Amino acid sequence: MPLLLLALALTAALGTLALLHYRGLYSDAEGAKDLLLAAQESLRESRLDATAADLERAEADLTEAEAGFRRTRDSLRSDPLLRLLAWTPWLGEQVDAAEEVLAMGAEASAIGLNGVAVAREYQAVRSEQDSRITEKAMTLLDNVEPHMTAMNAALNSILARRERLDGHPLLPPLRSAVAEVDKRRGELEELVDTYEEAAALFPDFLGFNGPRTYLVLAQNNAELLPTGGLISAYGVVTFNQGRVEEMTFADAIAFGERWQEETGEYVEPPAPLKQYLLKDYSWNLDVANWSPDFPTAARQALFFFEKGGGRPVDGVIGINVSTLQELLSVTGPVTVEEYGVTVNTENALEVTEALTRTPLEPQGDRKAFVAFLAEEMLQRLMRLPSDRWTPLLDALEELRDEKEVLFYSLDPQLQAVAERMGLDGGLRETPGDYLMLVEASVNSTKLNIVIDQEIEVRLALDDLGNAEKEVRVRYRNDLPSWEQGRDPDLVRRLMLDGLYGGYLRLFTAAKSRLVSVEIDGAEAGPSEIGEEQGKGVFGRFFALPSGAAREVAFHWATPAVVDFRGELAEYRLLFQKQPGAAAAPLMVTVSIPPGAELVSLELDGRALEDAGLRVRTDLSRDREIVVKYKPVG
């Protein structure tokens, strides 16, 4: 007993001495951390548009932070008292963890310094005169390569150190530091990945490694189809050394009619497309995008393009009216002299519709306006003023996230890069549950301009990990409000009698079983049950008159979709957005088994506090919901 008391007294004395001795070192480390976080926050807020003074201040703070972390770590390593305390297992573990955290701080400071260098390279390239934005972009990618390589190496080192700390009990300050690493690692990983992907895609895409020619599908999401809208016009564009060497646009519907008249060939459409839209007409280029999987739709479009005598191309680009509107928000209004009109974000849809209904000249191409507008837009983008670069980058990111620009390459390596970047528009694979609502206008109107939509999803999980699900899509045809004050002749040509014919498909996890389909609360039965790309597919046609409201509901079940991990159960639902579709409000309600204890509810990787089991968001982009709970027993 005396020896035990002596050991306890010695431990207490050493602990008190350690606290006094290392208070200064702890203060130094905290000061370095504050400098690091302040610099990172300043760079995050100003992004690539930081002033020279901002960058100098951030560089000074990061240099001092890096030195502070390294100095504190060296002191810990060389201190004789610390070597004595490290004999005890628990204290030794804390000392090792402290060294790892300080090393991570130094490496994070180095990443920040390289970020400052990247911002300076961006500003230098942006200020160059007499070169196109594509050429400047390639120069920038080359100039920042060593800095991005250094950032990637430091990030990998941080992640390796972080992994070594897993499973070790840590003192509160060390736990806090590790939590800060976990919080910020995603931003760094995304930054490095974005650079690597851009460096792999754009030189080839823009023809810096040889001319590249693409089929462009100009989709009209006022007449919604699965990958963005009716393919009302098609184009061929060739890039060579970052410059547009050739660009033409023409009427996609006329293209198909000409091919059929010349060959008399008939291509059988998918059954719902035939039944509700094409009837006895052949499947063709303008509706080639019946699949919501863009690689599949792109290959189908190439099939029809080649049948009609189209030239060989290297890939397919999908855009729609929302793409145009987003880019106009960057370039500002664009004047098309040939037609005497100025196009802006507010009038782009109506002007385009009005000027593509009939040709400018007799026997001319009624889609010629698209070609003139595209050429003016590209000229504006190529010569974009330097103060509009950052808004352009933001717009391109939005277009990617909202699926308003899609890319398919015949080169498998380039296609893999497009997939990693989220540009491929493919049906996504997920380890958990899956849901995508795919709508098609099948009554040849532009009524998607005026169709309002709300989506409600209810999910019930049982003890065995099965999920019973219900989605209710509420529609309203707001044509009466929209047509007020507009040219009645244009309204009639665009909207006919105002009757919307919609074909709604639900793509879900394989092995799902449809229970029922309802329209306005009454059993209606499915128009389609099938599979595509490894997903279960349920479809239903509905009609929506002018001024009316309608609700279409699917009720289905998916087995064994909850992942049980020891004492924790996890349910993941990926909700994929349809390209060209409006950002519909989305409400999701989840119920877990009776007696189970909710641990967390996340939306897009962010924990929702005090949300219970209800999520309110929208479908402006893909959404992922994660529910974690402790099962009964």
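In this predicted model, five strands line up as an open sheet in the order S3-S2-S1-S4-S7, and their pairing is mixed. At the edges sit strand S3 (243-251) and strand S7 (405-409), each of which pairs on one side only. From one strand to the next, the twist averages 20°.

Zoom in on S1 and S2 and you'll see an antiparallel pair, with 9 bridges between residues 212-220 and residues 230-240. A handy place to check the register is Tyr214, which stands opposite Val237 in S2.

Further along the chain there's another set of pairings to look at, this one running through S10. Strand S9 (residues 451-461) and strand S10 (residues 467-477) are antiparallel partners, and S10 is also joined to strand S16 (residues 549-558), again in the antiparallel sense. Here are the antiparallel pairs side by side:

| Pair | Residues | Bridges |
|---|---|---|
| S1 and S2 | 212-220 and 230-240 | 9 bridges |
| S9 and S10 | 451-461 and 467-477 | 11 bridges |
| S10 and S16 | 467-477 and 549-558 | 10 bridges; S16 is 549-558 |

For the register of S9 against S10, look at Ile451, which stands opposite Asn477 in S10. On the S16 side, Ala467 stands opposite Thr558 in S16. S9 and S10 form a hairpin with 5 residues between the strands, and there Gly465 takes a positive phi near 90°.

Now for the helices. How do H10 and H12 pack? Helix H10 (residues 321-331) meets helix H12 (residues 368-382) at an angle of about 45°, and their axes are 10 Å apart. That angle is why H10 counts as oblique to H12. The crossing of H10 past H12 is left-handed.

Which residues make the contact? From H10 come Leu324, Leu327, Leu328 and Thr331, and they meet Leu373, Met377, Arg380 and Leu381 in H12. Sorted by type, the residues of this contact are 6 nonpolar, 1 polar and 1 charged.

Lastly, a word on confidence. The protein chain averages a pLDDT of 87, with 89% of the residues scoring at least 70. Residues 1-22 are another story: pLDDT stays under 50 there, and the model has 11 contacts beyond four places in sequence for that stretch. Where pLDDT is low, predicted coordinates shouldn't be read in detail.

Definitions and conventions:
Residues numbered from 1 in each chain as written. Predicted model: local features only at pLDDT ≥ 70, side-chain atom pairs only at ≥ 80, totals over all residues. Heavy atoms only, no water. Pairing = 2+ DSSP bridges. Helix = DSSP H or I, 4+ residues; strand = E, 2+ residues; numbered from the N terminus. Axes fitted to C-alpha atoms, helices over the stretch in contact; angles between N-to-C directions. Parallel < 35°, antiparallel > 145°, perpendicular 65-115°, else oblique. Left-handed = near helix turned anticlockwise from the far one by under 90°. Contact = heavy atoms within 4.5 Å. Nonpolar A, V, L, I, M, F, W, Y, C, P; charged D, E, K, R; others polar. pLDDT = per-residue confidence, 0-100.
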